[in-house]
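Let's take a walk through a protein model together. Keep the picture at hand, and turn it as you read.

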Amino acid sequence: MTQQQLAAQVGIKFQQIQKYETGMNRVSASRLWDVGVALSVPVAYFFEGMEAEGSEGHTEAEANGLPNDLLADKEALELVRSYYAIPENQRRRLFELARVLSDSAAA
């Protein structure tokens, strides 16, 4: 796939793809998601070989009670897609609600 084809699928100019590739600009998480979708790969593909090890040999995700490849879980992926389908202002409120609920559950 060319940079122009990727840019068209992601909805940006190919110059932006060049800036990402050279490291001139950082890639946001949402843009990385879009690139993964365009290339038909999970976001984890871009981080292969970079697993962060915790103090007891567990990955950071496992230490937090999460599976290593959270987005490989069908339910989690559906939740993420649904979350991003919500308008941004409502999404922020939902995020804050989830944060408060998780904080109270941990207490």
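Before we start, one term: a residue counts as buried if its relative accessible area is under 20%, as exposed if that value is over 50%, and as partly exposed in between. Take Y83, which has a relative accessible area of 22% and is therefore partly exposed. We'll come back to Y83 later on. Keep in mind, too, that this is a predicted model.

Now for the overall layout. How many helices and strands does the chain have? The count is 6 helices and 0 strands, so if you read from the N terminus on, the elements go α-α-α-α-α-α. The chain has 107 residues, and buried ones make up 14% of them.

Let's look at helix α3, which covers residues 29–39. Here D34 and R31 bring their side chains together in a salt bridge, with 3.7 Å from N to O. Why can these two meet? D34 and R31 sit 3 residues apart in helix α3, so about one helical turn separates them. As for how open they are to the outside, D34 has a relative accessible area of 30%, so it is partly exposed. R31, at 22%, is partly exposed as well.

Just past this helix comes a loop, the one between α3 and α4 (60–63), and S40 is found there. S40 is worth a stop for its backbone: its phi is near 60°, a positive value in a residue that isn't glycine. To see why that catches the eye, remember that most residues other than glycine have a negative phi. S40 is also exposed, because its relative accessible area is 66%.

Stay in this part of the model and look for the second largest pocket, which holds about 160 Å³ of space. It is lined by 10 residues, and the closest to its centre are W33, V37, V41, P42 and R81. Two elements give two or more residues to this lining: α3 (29–39) and α5 (74–85). Which of the elements gives the most? That is α3, with 3 residues. Sorted by class, the lining has 7 nonpolar, 2 polar and 1 charged residues.

Next up are the aromatic rings. A pair of such rings is described by how far apart the centres are and by the angle between the planes. The structure holds 2 aromatic pairs. One is formed by Y45 and F46, with 5.5 Å from centre to centre and 80° between the planes, which makes it edge-to-face. Y45 has a relative accessibility of 44%, so it counts as partly exposed, and F46, at 28%, is partly exposed too. In the other pair, the ring centres of Y83 and Y84 are 5.1 Å apart and the planes are at 90°, so this one is edge-to-face as well.

And here is Y83 again, as promised. Besides pairing with Y84, Y83 has a visitor above its ring: R91 lies over the face of Y83, at 5.8 Å from the ring centre.

From there, move on to helix α6, which spans residues 88–106. Inside it, R92 forms a salt bridge with E88, and the closest N and O atoms are 2.5 Å apart. R92 and E88 are 4 residues apart in the helix, about one turn. Is R92 buried or exposed? With a relative accessible area of 54%, R92 is exposed. Its partner E88 has 43% relative accessibility, so E88 counts as partly exposed.

Farther along helix α6 you can find another bridge, where the side chains of E96 and R99 meet at 3.6 Å, N to O. Once more the spacing helps you see it: E96 and R99 are 3 residues apart in helix α6, so they are separated by about one helical turn. E96 is partly exposed, with a relative accessible area of 39%. R99, at 41% relative accessibility, also counts as partly exposed.

Let's add up the bridges. How many salt bridges does the structure hold? The total is 3, and you have now visited D34 with R31, R92 with E88, and E96 with R99.

Technical notes
Residues are numbered from 1 along each chain as its sequence is written. This is a predicted model: local features need pLDDT of at least 70, side-chain atom pairs count only at pLDDT 80 or more; totals for chains, interfaces and linings use all residues. Side-chain values use heavy atoms; hydrogens and water are left out. On a 1 Å grid over the protein atoms alone, a cavity is a set of points where a 1.4 Å probe fits but cannot get out, and a pocket is an open set with protein on both sides within 12 Å along at least five of seven lines; lining residues have an atom within 4 Å of a point. Grid points are joined across faces, edges and corners, and a volume is the space filled by probe spheres set on the points. Ala, Val, Leu, Ile, Met, Phe, Trp, Tyr, Cys and Pro count as nonpolar, Asp, Glu, Lys and Arg as charged, and the others, Gly among them, as polar. A salt bridge is a side-chain nitrogen of Lys or Arg within 4 Å of a carboxyl oxygen of Asp or Glu. Buried means under 20% relative accessible area, exposed over 50%, partly exposed in between (1.4 Å probe, protein chains only). Rings of Phe, Tyr and Trp (its six-membered ring) pair if their centres lie within 6.5 Å; planes under 30 degrees apart count as stacked, over 60 as edge-to-face and the rest as tilted. A charge sits over a ring if NZ of Lys or CZ of Arg is within 6 Å of the ring centre and within 35 degrees of the ring normal.
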